[in-house]
Amino acid sequence: MDVLALNLLIFLPLVAAVLVWTLPERRESLAPKLALAVGCVVLFAGAWLWPRLPAAMGDRGAGALVGELKADWIAVGNRDGTSEAATTLTNGFVLRFHVGLDAISMPLIALTALLVPLSIWCSFTAIRKRQREYYAWLLALTTGMFGVFAARDLLLFYVFFEFTLVPLYFLIGVWGGPERRYAANKFFLFTFTGSVLTFAGILYLALRAAQIDHCSVIDFDLLRLSALSLKQLTTAEQSLLFLAFFAGFAIKVPLFPLHTWLPLAHTEAPTAGSVLLAGVLLKLGTYGFLRFSLPMVPAGTLEWARVMGGLAVAGIIYGALCCWVQRDVKKLVAYSSVSHLAFCMLGMFSLVPVGLSGSVLYMVNHGLSTGALFLVVGMLYERYHTRDLDALGGLARQMPILAFFFVLFVLSSIGLPGLNGFVSEFAVLLAAFNSEVLGRWYGALGATGILLGAVYMLYATGKLLFGPVKEPAGTPDLSAGLKRDLTLREIAILTPIAILVVVLGIAPRLVTDTLDPALQTQVLARVQEASALAAAVAGGAP
Amino acid sequence: MVGIAHPTSMSNIEQLLVAGVLIPLASFLILALCGYRLGKPLAGWVAVLAIASSCVLSAAALVKWHGLDEAGRLAARSAPVLWAYLGSVPLAFGVNLDSLTLIMFFMVTLVSTCIFVFSVGYMAGHSDEIDGLSKFHRFFTYLSLFGFSMLLLLIADNLLLLFISWELVGLCSYLLIGFYFHKKSASTAAIKAFVTNRVGDCGFIIGLGMAYLYLGDLSLSGAAQAFAGQWQTHGPLFSQTFLGLNLATWMGILLFCGAIGKSAQFPLHVWLPDAMEGPTPVSALIHAATMVAAGVYLTARIFVLLTPEAQLFVAVIGCITLTLAALVAMVQTDIKKVLAYSTISQLGYMMLGMGVGAWIAALFHLLTHAFFKALMFLGSGQVIEGCHHEQDMRKMGGLWRKMPVTCGTFLVGVLAIAGAGIPAIWMPNHTPFGLGGYFSKDEILAVAYHRVYGEENVAADAPVGRGEAEASPHTGNTAVVAGAAPIQNPKSKIQNAALPPWLFWIPIIIAYITPFYMLRAWWLTFMGKPRDHHVYDHAHESPLMYLPLVVLALGTFFSSYYLFRPLVADAAPTPFLTAAFDGEATEAADAHGLLIGHTTHAALARIVGGAFVVGFFVAWVLYRRGLGLAEKLATALRPVHVLLSHKFFFDEFYGLVFVGGTMVLKAVSYAFDKYVVDALVNLSALVTERLSWISGTILDQGVVDGAVNGVGRGTWSLGGLARSPQVGRIRNYILFAAGSVAVVVLWMAFA
């Protein structure tokens, strides 16, 4: 059942995408409904998988996988001549379709499963042209996102990683704002350039792994690559490999100063695109670092940790300052992602347990609150056709329900205790303080981020919601069957996120209880090993 | 390691308190979900009922607690409940059960109940200003949330839980200041309050990080123990220094930063006067009686983590604050602004008390202040409501005829804050009589005096042991036992060093100014001739609003030395405070315990005992005949008046330096983003494009393709060339043959 559910997550959207695409033109109105139905199935599958993990970890320990499936997909090379083992390769390389969920990927899968139906649903009134293609691309994107988090094979991960680019490219390029072509091109080229370098790194690592393990078949198994002998993979090699991974992942995060594609892509993308981009796709970068850079090249990670921490701190402050200048509220939220994900990176490269779990928690929380903020901003835009902070004002009187949700998500985003953002933010700062690698200055500087975050978010909230009412002439435009305040559909979209924002704020253990042991065994143990080795070398040298 | 307890294992007292915290939460949820349907007065009464039942529960807890002996009290504390693991660190929350919690809990619920009742009357006329859409229920929703967070703050036994409730309280403050959000000023004030508090919180969170890093435990008792351990072993907190101060001091100062923000201390005091944009009951509840006092409460809780240097910092901040605020209060004309600055000034006194080690006195002052300041704010609310939103005292006057109850109760508050009382030396058997403010402020000053002028007075005095039992005021000889600081770091170099004298003398001077500005406010409002007949004619008071005033006035009367102080003093030697130091250190603390004897107090009484008389007299002389004399004085002292009425230009200065600075910084950042970072990206794209043009157009078309074409063309021309000799002219053949022979011959000749 687990295997079925997981593969349903990955392949059902793809099948549905083809189906939606090929709908006859007179059945165009069926496309959104079909897509939403698929979204609901995905949500249920995700919800079904979620409680399976603690059970599996109880049985099989911290490394347990839920819904594991392993099959050769592409195998090239000479086969053993004997008839019995005709499928076993003697040399060459193999790409396996190997998927499964562990405690690190499960929260992100769950987040994706939640955001996908919501973002499909929120497009109902916003997208009115070329609906079949739109929903087809959206579903295709879904496949890519689930595949990335489920992949247990580095090359498979890469395949899905790149696969997500194409649907999003079209989503931005066709259904985006006025500068959509430029934004889509920039997004695609920027991220693609980085990931090509990552691909080179992956190939090198796999080749070296085969060499180290004296194995004639090259494969990309995640566990095997995360368990290479650190003595043989030299620090210099690891350092370079870290840079190769960095190229792809840091752009995706995006880490300062590689972030400039993001505000543009976010601003131009349709609401659903922004939600998925902020909520899920940015996490491919952070997830990549956590899943690959840290355990596979721990010595390289240690070498570069300070630089990463420095970039993160710079990103926190810089992103926040840039937010403040924005007049376009969507761009403001986009820049806030730069600042928030820098928090996530700061926690990760503190390389202490509390930082890593804070970092994963941050991914989830950022997905919820920023995704929700994009949804709300999209709802505003549908009514007013502008997101200019100077053109809007006092909307709390016009739309009290929207104002409630907006304020709630803003508070979550600025880390108000009692809501989800606080736990992760606090954990990250605590970790930065506590880190042997980074130290208290990183924590102290990072802490200014919580001040700046409050400033720009409340400033925008104040302008948008409070003060005298300001609306552009001829608005709100309710032609698409909207009401002045949120419709029931829109409330239903925001409510689940609002509930989770509160629940995760009060009970972070829902995520951290399974997460902590997994992070310890799969990630931190490797880093500690590398650090011990370095200490031994340093101790032995003089 | 923290034990994990099931909630049912809590003791009875703890259950009472937790229930007291949860009832306002339930009220919040009810009002948030269906407050709109409950409608106008009902929504308010739900909130009142909730907070009143909390008050009853806390009273029951207090009575129970009173009946317990030391062992019973210890046994009443149960193990905390695990909230989350962060990494490998367990975070467990429990109830911090001691006398201070209980008395604060009781005070907050009692004052809140009065204010909630008042609000039902007040908001009836103030909530329907927005498009006919009633916000009445929303106000009580926020108030209930505030009740919950404030009470959670009081029972928190963990710095993190303290911080969580701290922020929730700040959120309520933000929501309530911005309650009239259609007003630009209210929306701006709300943001200012939140952001200013965040500046403090930023420091607090860094301090929290340091505590976690060096002490490894965020529970109050655990942190205190670890702190003492570090001191004894000279751990990294004490051995490492930064900018000349050891890290322990830095940690204390940073944690105190949170209190600076919330208690509106210099330099973060600027938000509180602006916070008066909120409805007046909010000003009374949050911005006078309870929330702002939370900073002092926090300082009391982290007192054990403050090194003497950090304490000096606290004292200096308190001293600066109380001075600035009192000076500004002298010239304000808005009745709420006077009260706001007076609040800041009184908070400064409390912080000064904390800083000089008058732990008990500062908290005592906090309690008395909560009553009389809530009283005065509600009185001002009554005035504002009665005068149709007029807040300018220059337009009032003579209101005592229209509002006798408000006038009388307000005067009680004025007397209390002015420290009116009959000093002990003039009374038989040296038992002083006075209102709360008289004892609490004097006690702070007494400890300051002692810290400034050293031990002689104590040495000369009766060798009474530390604690309340031996030194009850009834015994006569020892008039006031100061809230001694039992937990100072005995080996620290400034432990016994005298504090600078100005820490004593400036507060003394301000003690003369306080009665002046308070009587001024009272006189301008209620006495004299009416200055604006429009305002005067409409003035009235309503019972729903003045009944709470009477209750608070009675509270002010009785919240004196004999009722409240013993309870606070009881909290001082709790396990929490003494846990920081083991036996040896406790003895040291005993030896250094600050016992303020009779002579000190008598000397002090001579210095400030008559302050309220002098202050009142000056105010009376100045404002007896209206504003004329004061205006003349203001013109005569124009530069001073301008300085004061512009609040020392703090807002302007911050606007210029910090806001302006950040504006520049953010503009620079964004310009950098746009013109440097993004330009580099675009440049690289451009370079690639040009390169591809070069490779595409020049190289590929020109060179590679050109080469192919060139080869083709070359062959073609070569063919043409080769063809040209063979056109059948005999002369050419001969020439070709001859040339060839010549070449061959030449080649052979030279080879």
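**Interface and ring pairs in a predicted two-chain contact**

Among contacts in chain B of this predicted model between residues at least 6 apart in sequence, 81% join residues at least 24 apart.

Me: What share of the 751 residues of chain B count as buried?
Reply: The secondary structure of chain B comes to 31 helices and 6 strands. Counting a residue as buried when its relative accessible area is under 20%, the share for chain B is 58%.

Me: How much area do chain A and chain B bury between them?
Reply: The size of an interface is often given as the accessible area lost when the parts come together. Here 72% of that area falls on carbon and sulfur atoms. The total for chain A and chain B is about 4900 Å².

Me: Which three residues supply 13% of the area that chain A buries against chain B?
Reply: Chain A brings 57 residues to the contact and chain B brings 49 residues. No other three residues of chain A supply more of its buried area than this trio. They are A:Arg397, A:Phe426 and A:Phe433.

Me: Which side chains meet in a salt bridge between chain A and chain B?
Reply: The count between the two chains is 1 salt bridge. Its N to O distance is 2.4 Å, and the cut-off is 4 Å. The partners are A:Lys186 and B:Asp678.

Me: Which helix gives the largest share of the side of chain A that touches chain B?
Reply: Between chain A and chain B there are 10 residue pairs in polar contact, both residues at pLDDT 80 or more. By class, the side of chain A that touches chain B has 38 nonpolar, 12 polar and 7 charged residues. The largest share of that side is 13 residues, and these come from helix H19 (residues 440–465) of chain A.

Me: Is the aromatic pair of A:Phe187 and A:Trp261 stacked, edge-to-face or tilted?
Reply: A pair of aromatic rings is described by the distance of the centres and the angle of the planes. For A:Phe187 and A:Trp261 the centres are 5.5 Å apart, with 50 degrees between the planes. Stacked needs under 30 degrees and edge-to-face over 60, so the pair is tilted.

Me: How far apart in sequence are the parts that A:Phe187 and A:Trp261 tie together?
Reply: A:Phe187 is buried at a relative accessible area of 1%, and A:Trp261 is also buried at 1%. A:Phe187 belongs to helix H8 (residues 180–212) of chain A and A:Trp261 to helix H11 (residues 261–268) of chain A, so the parts tied together are 74 residues apart.

Definitions and conventions:
Residues are numbered from 1 along each chain as its sequence is written. Chains are lettered from A and ligands numbered from 1 in the order in which they are written. This is a predicted model: local features need pLDDT of at least 70, side-chain atom pairs count only at pLDDT 80 or more; totals for chains, interfaces and linings use all residues. Side-chain values use heavy atoms; hydrogens and water are left out. Contact means heavy atoms within 4.5 Å. Buried area is the accessible area (1.4 Å probe) that two parts lose on being put together, summed over both. A polar contact is a pair of N or O atoms within 3.5 Å; within protein, one must be able to donate a hydrogen and the other to accept it, and residues adjacent in sequence count only if both atoms are side-chain atoms. Helices (H or I, at least four residues) and strands (E, at least two) are DSSP runs, numbered from the N terminus. Ala, Val, Leu, Ile, Met, Phe, Trp, Tyr, Cys and Pro count as nonpolar, Asp, Glu, Lys and Arg as charged, and the others, Gly among them, as polar. Rings of Phe, Tyr and Trp (its six-membered ring) pair if their centres lie within 6.5 Å; planes under 30 degrees apart count as stacked, over 60 as edge-to-face and the rest as tilted. Buried means under 20% relative accessible area, exposed over 50%, partly exposed in between (1.4 Å probe, protein chains only).
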